[in-house]
Amino acid sequence: MTSNAAHPSVRALVGSVLSLCSACACPSSPDDLPANPTITLSAEEYESARQTSSEAVCERCNGGSREAALREAGFFAGEITVDCSVSENADGGATVECHVGTQCDAGRAPRALAASPRSSLEGWWANMALREAEAITAFDELALELAALGAPAAFIERARAAREDEVRHAELCASMASVAVPPAPRLTLTPFDPMRFVELNAAEGCIRETFAVIDTLARASRASDARTREVLRTIAMDELQHAQLSWDIDAWARRHLGPPARSTSLAAKRRATRQLVARAGRNEAHDGPVALAPQVRRALAYRFIHRLAA
Ligand SMILES: [Fe+2]
Ligand SMILES: [Fe+2]
């Protein structure tokens, strides 16, 4: 993550990820892809690769002309998969047959995916209502912590406005689930630790909340039901403002609290992006009103990280 990503416009960032991933479909592989490469490792190279890690032998396949052609066609590094089969040679070395493909080989994401059964769908919205109600308290806490840090009054105002957004989100989600609006949990005050504040804001706000906007807008664009589309978009556009607040607070805190805050923020963002990629491709049992195929979630996560690092 470079300094260019230090203080992005979340609207521009989200827009670029979603436009790059226009229909969240992968680019087309060229028809005339070069053949899968085969490489020969000497006994020494083979031994050293095997000792490094179980994937290290296949990693020697990187740089093959097939991979270069896929990159040329618009695939990002994270979307290109490399697998291999290894046969050991008489001299102790190995012949490695590389299998270079893409995560998109499993097929493109459907434009509109089937809705979950009504009961589980209502359960999903009810759960969302609870999470939105928790966010009300989280913004109460944020406003108090910003005051404790001596942050500009504008940040505190924006945290209070975000709190009101979360009230509306809880109401919207509860109405989608036909349940009563859940109450916001009571605020429990814990000893204030500025570095913990920086860490949580960087991971939860800058990385997870920004990616949640991308994820929600991608789902909204696939929703076949107009009401679902409207509710998801309304929530996402408010969350975009909340994510921007997190990045603005992050930039201010890094200046205000100096080098320890800078390293804490960077480490938290790196950890959160690693977790994001690890989780992006998992199959989720309860995926809400609109499911995103694992390869689409992975593509979004990689493109988000790529834009952050650009
Ligand atoms: Fe929300
Ligand atoms: Fe939010």
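**Exercise 1.** List the order of the elements of the protein chain from the N terminus on.

Solution. In this predicted model, the order is α-β-α-α-α-β-β-α-α-α-α-α-α. The tally for the protein chain is 10 helices and three strands.

**Exercise 2.** Work out which span helix α10 should have, and compare the result with its end C-alpha atoms.

Solution. Step one: α10 covers residues 294–309, which is 16 residues. Step two: the rise is 1.5 Å a residue, and the expected span is 1.5 Å times one less than the number of residues, so α10 should span 22 Å. Step three: the end C-alpha atoms of α10 are 23 Å apart, in agreement with the expected span.

**Exercise 3.** Decide whether α10 is largely enclosed or not, using its buried residues.

Solution. Step one: a residue is buried if 20 or more other C-beta atoms lie within 10 Å of its own. Step two: among the residues of α10 that pass are Q295, R297, Y302, F304 and L308. Step three: 12 of the 16 residues are buried, and therefore α10 is largely enclosed by the rest of the structure. For the protein chain, with its 310 residues, the buried share is 37%.

**Exercise 4.** Classify A161 as buried, partly exposed or exposed.

Solution. Step one: A161 belongs to helix α6, residues 153–177. Step two: A161 has 14 C-beta neighbours inside 10 Å. Step three: exposed requires 12 or fewer and buried 20 or more, so A161 counts as partly exposed.

**Exercise 5.** Find the distance between the C-alpha atoms of A161 and H242.

Solution. Along the chain, A161 and H242 are 81 residues apart. In space, their C-alpha atoms are separated by 9.3 Å.

Terms used:
Residues are numbered from 1 along each chain as its sequence is written. Chains are lettered from A and ligands numbered from 1 in the order in which they are written. This is a predicted model: local features need pLDDT of at least 70, side-chain atom pairs count only at pLDDT 80 or more; totals for chains, interfaces and linings use all residues. Helices (H or I, at least four residues) and strands (E, at least two) are DSSP runs, numbered from the N terminus.
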